[in-house]
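Labels such as "buried" or "compact" need reasons behind them. Let us ask for those reasons, one label at a time.

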Amino acid sequence: MSEFVKVAKVADMPDPGKLTLEVEDSVVVLFRVDGRFYCIDDVCTHDGGPLGEGQLHDHAIACPRHGAKFDIRTGRPLTMPATVPTLVHEVKVEGEDVYVRINEA
Amino acid sequence: MFGKMDWPGRRDEEWIRTDIRLFKLDKFSLPAAREAAAAAPSSVLSEGVELAGVSVSLDSWPSSNRLDRRWAEQGVLLGSLDQLVVEHGERLRPFLQRRIVNPYYDKFACLHTACWSGGHVLYVPRGVVVDQPVHMLSAMSDGRVDFGHVLVILEDGAEATVLTETAGFGETDGGLHCGATEIIVGRGANLRFVNLQDWGQGVWHFAHQRAVVGRDASLQWTVAALGSRLAKVNQHVGLMGEGASCQVNGVLFTEGKQHLTYHTLQHHEAPHCHSDFLYKAALQDRSRTVWRGMIKVDPGAQKTDGYQRNDNLLLSDHARADSIPGLEIEADDVRCTHGSTSGKVDDELVFYAMSRGFTRREAVRMIVSGFFQQIFDRITIESVRDALGHAIAARVREYN
C-alpha cells in the first residue's frame, strides 16, 4: 500500500479550487470545496481527457473534451458520455499541509 | 530541430489517448560506454533455431556479433550499425540517405536522429537467399537508454528471415527506448521480419518503424509487444512497387498499468498491391491499449486490396482498449475493408471448461490462446509461435 505524500499547503489552495499534481506514478487532481479536500485521477473514463483542465461546479468536475461530469467526492460519473467511475485517492490535512495517498486498486 | 520542436501535446490527435506527462527526459543520460562487458539476457525467439548470424547490443552499444562464413562470402553484412557504417559506409550510405523514417516526424524522431547509437544492420545482396534466420538482440539494463537504429536491406530478389528482440534483465526494470527501424525490401525480394518487445515494465518505449516494399516483393512482419510501461509505436508500410504485398501480425498482451499505443499505416503507393494487417490484444488488470490504423491509397494505386483488423479481449473490468480503424482512399477501383471487435471472456465458455475439470485459470488461458490462434496460424516460424504462446500463457492471471 502506498504512503501519504505531502502535495500542497492549505493556504495555497483557493476555495473552491483545483490543482493538477504528479504523485508517484499518477497524475491526479486535488480539489478544495467548502473547506474540504478531495482527490481523483486526472482521467476521464470516457476518453482519457484531463479532468484538471475542466470546469468545477460545486462537487462536479466537467471533462473539457466531451462534457462528462464526475462527482469529486466519489469519482462517480454524473452524466454521459462517461459511465465508469474514475479513481478516488485518499486525502488528509495535517496542520498546514495536504497529503494524498494514491489508490493502487 | 530537436530544440525547436515541442513535446507532443495532449491536444494532438495522435497523442490524445497517450499521456506522457510523467515521462521526464532529464532522468536519463545518453548512452555511456560500458565499464565492462556484461552478458545479454537470453534470447526467447531463437531458442533451438540454427541461425545464420547474430548481432547483440547492450545499453545502445555494440556487444557482439557473428555471421556464418557461408553468408559473409556471398556479401551478406550483419552486425552493429555503429561499426558497419564505418567499415562499409559506401554500401550503406545510399540506404541511410533515403531516410525511410522521417527524422523530423516528431520530437522523439528528432531525438533518435540526433542521438542514435548501437542498433543493427542486415544487408543481403541481390539474389542471395539466406535460408537460416538472423537474430538481433537489443538489451537494456535498469534505468539506462537504448537509442538503437535497425536497418534491414534486401536487394532485388533476396530473401531473409530476421528475428529482432528487445529485452531487459528484470521484469520491473525501467529505462528509455527511443528507436527507429528502417526496412527496405527490393524488387521481388521476400522478407520475414519478427519483432518481440519485452522490456521491463518500467521502460518508456518510443519507436518509429517503416518498411518500403518494392515491385512484386513481399513482407511478413510480426510484432509482439509484452513489455514496457508506456509504448508509442508508429508502424508504417509503404507499398511502393506494383504487385507488392505485406502481411502484418500484431500480438499485444498487457497487464498492471501498462499502456501500449500502436499507430499503423499501410500506404498503397502503387497499383495491384496487397496489404493485410491483423492486430490482436489481450488486456488484464488496469492496462490499456490504443490501436489506430489507417489504409491510405494514393490516386494511382488502382486495384489495391487492403485489409485491417483489430480484435481486443478484455480480461478485467478495469482494462481498456481503444480501436480506431481508418481509410483514406483516393483511387476509384480498390477493395479496402476493415474491422474491429472488443469483448470480454465469455462466462459460458469458462463454465463449460470448468465443468470438464479445468480450473478457471486454465479455462481463461485456453480462451486467450484460442483468441491469438488466428495470428499464431499466420506465423510460419515455429520458434516464434512457441515463444509467444508460452510467454502469454504464463502471464494470464486468475480471475473470479
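Here are some short questions and answers about this predicted model.

Q: Why is chain B called as compact as a globular protein of its length?
A: Its radius of gyration is 21 Å. The globule rule gives 21 Å for 400 residues. The two values are close, so chain B is as compact as a globular protein of that length. Its secondary structure comes to 7 helices and 20 strands. Its C-alpha trace spans about 65 × 60 × 45 Å along the principal axes.

Q: What makes A:Cys63 count as buried?
A: Buried means under 20% relative accessible area. A:Cys63 has 5%, so the residue is buried.

Q: Why is A:Cys63 in no disulfide?
A: A disulfide needs two cysteine sulfur atoms within 2.5 Å. The nearest cysteine sulfur to A:Cys63 is that of A:Cys44, 3.9 Å away. That is beyond the cut-off, so A:Cys63 is in no disulfide. Over all chains, the search finds 0 disulfides.

Q: How do you know that B:Cys115 is too far from B:Cys178 for a bond?
A: A disulfide is a covalent bond between the sulfur atoms of two cysteines. The sulfur of B:Cys115 has its closest cysteine sulfur in B:Cys178, 7.8 Å away. The limit is 2.5 Å, so the pair is too far apart for a bond.

Q: Is B:Cys115 buried or exposed?
A: Its relative accessible area is 19%. The cut-off for buried is under 20%, so B:Cys115 is buried. Of the 400 residues of chain B, 57% count as buried.

Notes
Residues numbered from 1 in each chain as written. Chains lettered and ligands numbered in written order. Predicted model: local features only at pLDDT ≥ 70, side-chain atom pairs only at ≥ 80, totals over all residues. Heavy atoms only, no water. Helix = DSSP H or I, 4+ residues; strand = E, 2+ residues; numbered from the N terminus. Rg over C-alpha atoms; globule rule 2.2 N^0.38 Å. Buried < 20%, exposed > 50% of the residue type's maximum accessible area, 1.4 Å probe, protein only.
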